[in-house]
Structure formats: structure tokens, C-alpha cells
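User: Hey, got a minute to go through a structure with me? I'd like the plain version, please.

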Amino acid sequence: MFDFDQYLGFIAFLTILSIGFWLMIFLLMFVVPYWLGGNLLELYKEKREAKKAKRNA
């Protein structure tokens, strides 16, 4: 059915495919929301500081 080289190639293909799948899941579920949340928090802090500086000036 499979030669040993074909078997190793198939296992390597499945490994690379699985690593890519789990990396994409990790990025979409943890890294992107963390990045967006931090970005929005910094934007909110900057606007709040600008409003406070305008009020005190």
C-alpha cells in the first residue's frame, strides 16, 4: 500500500497541517482578542487623559 518514504511524507504532512491548524486557533482565540483589547484600552486612556487635560486647562 504505502512505501516507508510515502508513510513518512504523509506523517510529515499531517504534522504540519495540525501545527498550522492549532496555531490559527491559538491566534484567533487568544492573541487577536488580547491585542484588540489592549489597543482599545490604550485608546480609551488617551481620550480620557485628553479630556482631563482640556478640562484643567
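Analyst: Sure. One cut-off to begin with: a residue is buried under 20% relative accessible area, exposed over 50%, and partly exposed in between. Also keep in mind that this is a predicted model.

User: Okay, try that on Ile25. Is Ile25 buried, exposed or partly exposed?

Analyst: Ile25 has 34% relative accessibility, so it counts as partly exposed.

User: And where does Ile25 sit?

Analyst: Ile25 is in helix α1. For a sense of distance, its C-alpha atom is separated by 15 Å from that of Thr15, and the two residues are 10 apart along the chain.

User: How many helices and strands does the protein have?

Analyst: There is one helix, and there are zero strands. The radius of gyration is 24 Å, well over the 10 Å that the globule rule gives for 57 residues, so the protein is more spread out than a compact globule.

User: What does the C-alpha trace span along its principal axes?

Analyst: About 80 × 15 × 5 Å.

User: What share of the residues counts as buried, then?

Analyst: 0% of the 57 residues.

User: And the accessible surface, what does that come to?

Analyst: About 5,700 Å², and carbon and sulfur atoms account for 72% of that.

User: Switching to charges. How many positive and negative side chains are there?

Analyst: The protein has 7 positive and 5 negative ones. The centres of those two sets lie 31 Å apart.

User: What about rings? How many aromatic pairs do you get?

Analyst: The count comes to three aromatic pairs. One of them is Phe4 with Tyr7, which is tilted, at 6.5 Å centre to centre and 35 degrees between the planes.

User: Why does that one count as tilted?

Analyst: Planes under 30 degrees apart count as stacked and those over 60 as edge-to-face, so the rest are tilted. The Phe4 and Tyr7 planes have 35 degrees between them.

User: How far apart are Phe4 and Tyr7 along the helix?

Analyst: They are three residues apart in helix α1, which covers residues 4–56, so about one helical turn separates them. Phe4 is exposed at 58% relative accessibility, while Tyr7 is partly exposed with a relative accessible area of 43%.

User: Got another pair for me?

Analyst: Phe26 and Phe30 also form a tilted pair, 5.8 Å centre to centre with 40 degrees between the planes. Those two are four residues apart in helix α1, again about one helical turn. Phe26 is partly exposed, with a relative accessible area of 43%, and Phe30 counts as exposed at 54%.

User: Last topic: where is Ala57?

Analyst: Ala57 is in the segment after α1. With a relative accessible area of 85%, Ala57 is exposed.

User: And how far is Ala57 from Asp5 in space?

Analyst: 74 Å, C-alpha to C-alpha, with their positions 52 residues apart in sequence.

Note on methods:
Residues numbered from 1 in each chain as written. Predicted model: local features only at pLDDT ≥ 70, side-chain atom pairs only at ≥ 80, totals over all residues. Heavy atoms only, no water. Rg over C-alpha atoms; globule rule 2.2 N^0.38 Å. Buried < 20%, exposed > 50% of the residue type's maximum accessible area, 1.4 Å probe, protein only. Areas by Shrake-Rupley, 256 points an atom, 1.4 Å probe, with all protein chains shown as cover. Lys, Arg positive; Asp, Glu negative; His and termini not counted. Charge placed at Lys NZ, Arg CZ, Asp CG, Glu CD. Phe/Tyr/Trp six-rings, centres within 6.5 Å; stacked < 30°, edge-to-face > 60°.
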